[in-house]
Amino acid sequence: MMFMSTKGSCLTFSALTLASFLLTGCGGESCMDGNGGTFALVVPGPTVSNLPQATFTVAKTADAADLDLLSSNLVPDPNSTLNFIQWFAEVKNNGTTAACFVQITINFKTAGGGCVKAMHAYADSDTHKIDVSDTPIPCIPPRKSGVFYDNDLPAAPVNLASIGRIEAQLTLIPYPGAVLNPSNPTLSSVALVPDPTNGDGYWAIMGTLTATATIYNIGINGYYKNRDGMILDRGPASNLGTVAAGASWAFTTFYYVGAQPSSYLLFVDYLLGAGP
């Protein structure tokens, strides 16, 4: 479930945005102060990064102690005239309860501490619910992963070679008793295949979504991974119409170009009921 989209140079929010959300800066013009709370600094061992020259530290609040940042991939678009840059990361919940509204602030700095780029995101994750309400909320189940994604159009190209330090802060909002939403659709026959339109060298995730309850405004985000565990790209698919309970929708995500990914992560977002 994607709590927040970050298309363009500023963050834009879905209807689930918390009123208390605050963001310092827009598009990483300066480094960010974090998400509030008391942090304990740790040095993560398992984080895979495309910036091996940089030292990597992660600070977590006590509630987020069971979260591990598995990967970080900062990817400028070499063909963009607008300095378009994307950032992908995988976060795993090693705890025994669902981790909800997981968010990260990550600062990419020079070895001397100068700000090069900053990103902020909520984790795309599985749709849960709390109490008696079926209102969907994004949570990472125990022993499962979520994905952070952000993008920007900075004023100047980002020089990856100048990055010597990466400093991340992880937080979440505790929701005791959060469980997978019983209205979640089911997915079947899901597979990574050559994109049916473009063929060799283009890869897509295809499958069938079957609605458990009537839903609309459906979004699917597929994240392509390589053998090193790095997330390479995001492949969305959307259905803005209504899929009635028991009905199905055959989906194909937007393609990834390059060597065949070794695996993928897939998340579904939706609104309950019939569309307007």
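# Notebook: confidence, disulfides, a sheet and two phi angles

I began with residues 4-28, where pLDDT stays under 50 and the model has 49 contacts beyond four places in sequence. This is a predicted model, and where pLDDT is low, the predicted coordinates should not be read in detail. I therefore draw nothing from the contacts of residues 4-28. For the protein chain I noted a mean pLDDT of 88, with 87% of its residues at 70 or more.

**Entry: disulfides**

How many disulfides does the structure hold? I found two. A disulfide is a covalent bond between the sulfur atoms of two cysteines.

I looked up the link of C31 and C115, with an S to S distance of 2.2 Å. The angle about its S-S bond is 100°, and the link is right-handed. I then checked where its ends sit. C31 is in the loop between β2 (12-13) and β3 (40-42), while C115 is in strand β10 (residues 115-122), so this pair ties together parts 84 residues apart in sequence.

Is C31 buried or exposed? Its relative accessibility is 19%, and the cut-off for buried is under 20%, so C31 counts as buried. C115 has 36% relative accessibility and counts as partly exposed, because the partly exposed class runs between the 20% and 50% cut-offs.

Next I took the link of C100 and C139, whose sulfur atoms are 2.0 Å apart. I wrote down 100° about the S-S bond here, and a right-handed link. C100 belongs to strand β8 (residues 99-100) and C139 to strand β12 (residues 137-140), so the bond ties together parts 39 residues apart in sequence. Both ends are on the buried side of the cut-off: C100 has a relative accessibility of 1%, and C139 has 0%.

**Entry: a sheet of three strands**

I followed an open sheet in which three strands run in the order β19-β18-β22, with antiparallel pairing. Strands of a sheet pair through backbone hydrogen bonds, either parallel or antiparallel.

Which strands are at the edges? They are β19 (231-243) and β22 (263-272), and each pairs on one side only. In the order of the sheet, β18 stands between β19 and β22. Neighbouring strands are turned by 15° against each other on average, with direction ignored.

I looked at one pairing in more detail. Strand β18 covers residues 215-225, and nine bridges join it to β22 in the antiparallel sense. To find my place along this pairing I used Y224, which stands opposite Y264 in β22.

**Entry: positive phi**

Most residues other than glycine have a negative phi, and most peptide bonds are trans. I noted two residues that go against the phi part of this.

S189 is a residue other than glycine, and its phi is positive, near 50°. I located S189 in strand β16 (residues 186-195). What is the relative accessible area of S189? It is 65%, and since exposed means over 50%, S189 counts as exposed.

N217 also has a positive phi, near 50°, and is not glycine. I found N217 in strand β18, a strand of the open sheet described above. Its relative accessibility is 34%, so N217 counts as partly exposed.

Methods: Residues numbered from 1 in each chain as written. Predicted model: local features only at pLDDT ≥ 70, side-chain atom pairs only at ≥ 80, totals over all residues. Heavy atoms only, no water. Pairing = 2+ DSSP bridges. Helix = DSSP H or I, 4+ residues; strand = E, 2+ residues; numbered from the N terminus. Axes fitted to C-alpha atoms, helices over the stretch in contact; angles between N-to-C directions. Disulfide = S-S within 2.5 Å. Buried < 20%, exposed > 50% of the residue type's maximum accessible area, 1.4 Å probe, protein only. pLDDT = per-residue confidence, 0-100. Contact = heavy atoms within 4.5 Å.
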